[in-house]
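Got the viewer open? Take me along as we click through a few selections, one stop at a time.

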Amino acid sequence: MHWASGVIDILVKDEAEAIAAAKKYLGYFDMQKPAGEAPDQTLLRDIVPENPRRAYNVRTVIQTLCDIDSVMEVKAGYGKAAVTAFGRIAGRTVGIVANQPMYLAGAMDTPACLKMARFIQICDAFDIPLVVLCDTPGLMVGPEVEKTGLMRHSARVLSALANATVPVLTVVLRKAYGLGYYIMGSRPFEPAILVAWPTAEFGGMGLEGAVNIIYAKELEAAATPEERAGLHASLTAELKRSNTAVESGAKFLYDDVIDPADTRDILVKTLETLPQPALRATRKRVIEPF
């Protein structure tokens with residue numbers, strides 16, 4: 001119950017496992033250890049499906065980017081539209097915030113936003129760099145979602161990231177739409193690096209929905225439902241072509257379009273350029289209650 005509600009971070013079977021988990025958790029605050037073994041990075045090229053409607057497990061991306069056996073997910077039973085985890089990349093501790101396409105297609109609901117905001121604060125409090133993996137169609141919509149105060153809670157992610165002083169390294173895996181993308185380490189946060197995989201798509205909202213708004217008159221004028229569906233499909237395809245990773249990169253919306261297999265190497269080189277955090281004699285910040 002407490003695992004599902006987000007009260008506890010990690011669910012274990014017994015006291016011995018709890019002690020081991022606590023030791024591993026605390027070990028991440030030793031920021032630099034010898035580099036661990038890297039998984040086969042070419043596997044990243046095939047994780048994101050070509051069909052944008054197909055889901056994949058972002059945990060596979062996280063496990064592949066990080067040193068082998070170095071990942072510890074926290075609050076896995078809560079806010080399932082997002083994954084928050086500690087890991088090590090070439091021995092260096094990072095905090096990972098990722099959208100999870102396996103749940104709500106990666107759309108951000110209130111539990112996911114609350115989980116992400118608190119995790120960002122924890123990483124900031126202990127000067128742990130953040131790696132943000134973006135694949136979201138945006139914030140969830142609808143009356144039932146609005147009753148949960150999503151707009152207020154999504155702003156907590158925005159506030160947490162805007163106030164964080166730790167470096168942010170953002171990788172757009174696929175969908176980067178609307179306010180969801182905005183609060184996932186986008187350009188206004190001035191990330192240390194902002195790169196995209198070739199599968200990335202950008203837009204102010206989901207492109208299918210954007211077609212309904214932009215071309216409402218043209219769609220209404222279609223003579224038959226079949227003609228309307230065909231027109232909608234062609235207009236959506238055209239909009240997607242103008243918002244691909246390469247087209248968006250040409251507009252300088254991010255630093256580069258990269259081979260997914262190069263992601264870890266780019267993250268490592270970026271982390272190596274970052275200055276060491278200042279030594280502190282006092283607490284850096286207060287982490288808000290969850």
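Start by selecting strands E2 and E3 together: E3 covers residues 92–99, and 8 bridges join it to E2, with the two running antiparallel. Bear in mind that this is a predicted model. Zoom in on the turn of this hairpin, where 2 residues sit between the strands and Ala90 takes a positive phi near 55 degrees.

Now add strand E1, residues 72–74. E1 is also antiparallel to E2, and 3 bridges connect them. Which residue makes a good landmark here? Try Phe86 in E2: Gly95 in E3 stands opposite Phe86, and so does Met72 on the E1 side.

Keep E2 selected and colour residues 82–89 by accessibility. How many of the 8 residues are buried? The count is 8 of 8, so E2 is largely enclosed by the rest of the structure. Next, show the side-chain directions. In a regular strand, side chains alternate between the two faces of the sheet. In E2, Ala82, Thr84, Phe86 and Arg88 point one way, while Val83, Ala85, Gly87 and Ile89 point the other way, and all of them are buried.

Next stop, the cysteines. Select Cys123 and look for a sulfur partner. The closest cysteine sulfur belongs to Cys66 and lies 12 Å away, too far for a bond. Cys123 counts as buried because its relative accessibility is 0%. Then jump to Cys134, where the closest cysteine sulfur is in Cys113, again at 12 Å and too far for a bond. Cys134 is buried too, with a relative accessible area of 0%. With a cut-off of 2.5 Å between sulfurs, the disulfide count comes to 0.

From Cys134, hop to Lys175 in strand E5, residues 168–177. Leaving aside residues up to four places away in sequence, Lys175 touches Pro52, Cys134, Asp135, Thr136, Pro137 and Glu201. What is the nearest side chain of opposite charge to Lys175? That would be Asp135, 5.8 Å away; Lys175 is buried yet has no salt bridge.

Last selection: Asn163, in helix H5, residues 150–163. Draw a distance from its side chain to the backbone oxygen of Ser159 and you should get 2.8 Å. Then switch to C-alpha atoms and pick Asn163 and Ile120: they are 43 residues apart along the chain, with 9.8 Å separating them.

Note on methods. Residues numbered from 1 in each chain as written. Predicted model: local features only at pLDDT ≥ 70, side-chain atom pairs only at ≥ 80, totals over all residues. Heavy atoms only, no water. Buried < 20%, exposed > 50% of the residue type's maximum accessible area, 1.4 Å probe, protein only. Helix = DSSP H or I, 4+ residues; strand = E, 2+ residues; numbered from the N terminus. Pairing = 2+ DSSP bridges. Polar contact = N/O pair within 3.5 Å; in protein donor to acceptor, adjacent residues only side chain to side chain. Lys, Arg positive; Asp, Glu negative; His and termini not counted. Salt bridge = Lys/Arg side-chain N within 4 Å of Asp/Glu carboxyl O. Contact = heavy atoms within 4.5 Å.
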